[in-house]
Amino acid sequence: MTKPSLPDLLHAAVSAVGGTERPGQVAMAEAVAEAIDDTSHRLIQAGTGTGKSLGYLVPALAHGERVVVATATLALQRQLVERDLPRTVDALHPQLRRRPQFAMLKGRSNYLCLHRLHEGAPQDEEEGLFDQFEAATPTSKLGKDLLRLRDWADETETGDRDDLTPGVSDKAWSQISVSSRECLGATKCAYGAECFAEAARERAKLADVVVTNHALLAIDAIEGAPVLPQHEVLIVDEAHELVSRVTGVATGELTPGQVNRAVKRAAKLVDEKTADALQTASESFERVMELALPGRLEQIPEDLGYALMSLRDAARNVISAIGATRDKSVHDEDAVRKQALAAVESIHTVAERITNGSEYDVAWYERHDRFGATLRVAPLSVSGLLREKLFEDRSVVLTSATLKIGGDFNGVAASLGLSPEGVEGDDVPVWKGLDVGSPFDYPKQGILYVAKHLATPGREGTRGDMMDELAELIEAAGGRTLGLFSSMRGAKAAAEELRGRIDNPILLQGEETLGELIKAFAADPKTCLFGTLSLWQGVDVPGPSCQLVVMDRIPFPRPDDPLMSARQKSVEEHGGNGFMAVAATHAALLMAQGAGRLVRATGDRGVVAVLDPRLATARYGSFLRATLPDFWYTTDRNQVRRSLAAIDATAQADGK
């Protein structure tokens with residue numbers, strides 16, 4: 001039997017989802033198939049509207065070997081598993097003569113733990129009664145959440161937190177879930193045969209396509225114990241997020257509260273002397289943290305060094321003692337010991353890592369008004385880890401709407417541990433970059449306006465001229481505005497100021513759940529939505545409700561961001577341009593994502609307005625503009641007001 005052709009398979013899949021075949025999608029599918037066939041790697045930039053999910057799913061399913069697809073957002077995971085994969089499998093089944101299986105796999109703490117649910121979470125005495133369902137009064141929010149979880153446990157087939165609607169608080173979920181470190185293991189657990197997390201793993205082992213997230217991909221790479229099943233092909237969607245997600249997984253932290261909880265859990269299981277040593281170390285660490293000032297620790301201060309060494313040594317002794325003890329008087333002893341071990345091991349790992357002081361790590365203090373000080377440690381770079389763990393023994397395809405920074409792929413490639421495109425040699429992963437473009441006609445559909453006449457934004461203080469400009473733009477657009485701010489303080493200040501100046505309703509991130517805000521914004525064209533980071537990437541509102549996207553300033557990392565500034569300094573010490581490699585690249589990625597909120601469909605029209613003159617006047621401005629969609633560019637404020645008014649008039653005439 002002849003093998004079905006890729007164009008035929010793609011045509012069948014696109015027809016099944018009611019889509020339109022696009023040249024970029026065809027080019028992408030061919031590139032993915034080629035990478036799979038010759039075990040090479042691809043970086044593929046596919047603009048909004050390309051249909052990139054099918055562009056990689058069709059060649060992946062046609063391949064026949066197991067493929068792992070890792071995404072950054074929950075929304076895309078759900079879309080793949082609930083919509084794209086079922087339809088695509090149905091469409092390809094007649095031609096492939098087989099029905100590929102697919103499954104979702106997440107980290108263990110995303111699944112309800114039946115042992116925790118039925119036996120209760122081991123708790124510290126003063127936290128309340130042992131049975132968390134009894135401890136939480138049925139009328140409290142926590143109590144209601146826990147009772148609902150208990151009912152849900154009887155009906156759910158997956159135990160996946162994301163299948164529970166409406167959701168519950170993190171506090172409620174923590175009562176009925178465990179981390180991989182706390183898990184007893186299927187063979188030791190009385191509920192092992194019914195375990196939701198184990199069932200998900202078993203489904204993944206049998207699946208042709210396993211959909212997971214960047215965090216689990218990072219855990220699989222970092223921790224050395226394989227979580228994902230063996231696979232020949234890895235597809236990383238939303239790949240512009242991968243480095244920050246891997247960095248997050250590789251970051252350790254210590255807080256006095258976390259250490260205190262570990263002390264209380266361990267005290268029940270070890271002798272008094274061993275417990276007292278950890279208690280003493282905990283108190284000395286807490287005293288140091290009370291005086292901690294935010295910022296990078298280029299050298300570990302002497303008092304912190306002593307406190308961490310004491311914590312490390314006391315934790316090591318507790319770990320040995322817990323492993324050797326058996327006390328049948330402790331209720332559900334295995335679970336209690338496992339949770340205590342997990343808490344103490346986490347402290348030991350971070351204390352030892354900071355004490356050892358690797359040149360490849362960055363340590364810093366953070367302070368929070370409510371929670372006090374946190375000590376963090378993160379890798380200076382994850383590029384070496386990714387090169388070693390990601391690109392060996394399999395084809396890797398990385399795709400996103402934003403992978404070309406400043407006009408080429410090499411910046412993103414370097415962050416992933418790849419050499420410049422075309423460089424070959426021993427142990428150098430070979431890759432090719434491909435930009436399949438976008439089906440949208442950006443120069444005709446959108447305008448990039450830079451408010452060149454405004455004052456350069458300073459670090460502090462209100463920007464009166466910026467507020468005036470923002471108010472005039474919103475009024476010209478008739479509302480329809482998504483305001484992307486570089487800080488929550490900026491978003492709040494703008495919302496408060498403009499609510500008193502213009503008639504359009506202004507929604508502010510944090511005043512309602514993100515989903516509700518976006519729904520309300522999409523429903524009423526006169527409404528504006530202001531917010532920060534998650535809005536730069538998380539809003540998909542095609543049509544007339546979003547015809548003006550405003551960025552208050554170029555979103556450079558804060559100068560006092562310890563990790564970003566350390567990375568910048570490291571590049572400079574190796575002879576590179578730290579500002580361009582780190583700060584400008586970070587800003588370019590975010591701006592490209594933010595600008596991508598404007599045109600989501602072929603009929604969309606509008607303006608991206610950047611209220612920061614540096615995009616027009618600074619030397620790095622052209623680098624940033626080269627990363628944005630190819631909108632028609634202007635600095636003429638009157639022209640933009642006329643254009644916005646015309647777009648608004650057209651939308652009103654259409655009754656929208």
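**Strand pairing around E4**

Two strands count as paired if DSSP finds at least two bridges between them, strands (E, at least two residues) being DSSP runs numbered from the N terminus. In this predicted model, local features need pLDDT of at least 70, side-chain atom pairs count only at pLDDT 80 or more, and totals for chains, interfaces and linings use all residues. Residues are numbered from 1 along each chain as its sequence is written.

Strand E2 (residues 67-71) runs parallel to E4, with five bridges joining them; valine 67 stands opposite valine 209 in E4. Strand E3 (residues 102-104) also pairs with E4 in the parallel sense, over three bridges, and phenylalanine 102 stands opposite valine 209.

**Burial of E4**

Five of the five residues of strand E4 (residues 209-213) are buried (under 20% relative accessible area, 1.4 Å probe, protein chains only), so the strand is largely enclosed by the rest of the structure. Val209, Val211 and Asn213 are buried on one side, and Val210 and Thr212 on the other.

**The antiparallel sheet**

An open sheet of four strands follows the order E6-E9-E8-E7, with antiparallel pairing. Strand E6 (252-254) and strand E7 (295-296) stand at the edges with a single partner strand each, so one side of each has no neighbour in the sheet.

Within this sheet, strand E8 (residues 361-368) and strand E9 (residues 372-379) run antiparallel and are joined by eight bridges. Tryptophan 364 stands opposite arginine 376 in E9.

Conventions. Heavy atoms only, no water. Buried < 20%, exposed > 50% of the residue type's maximum accessible area, 1.4 Å probe, protein only.
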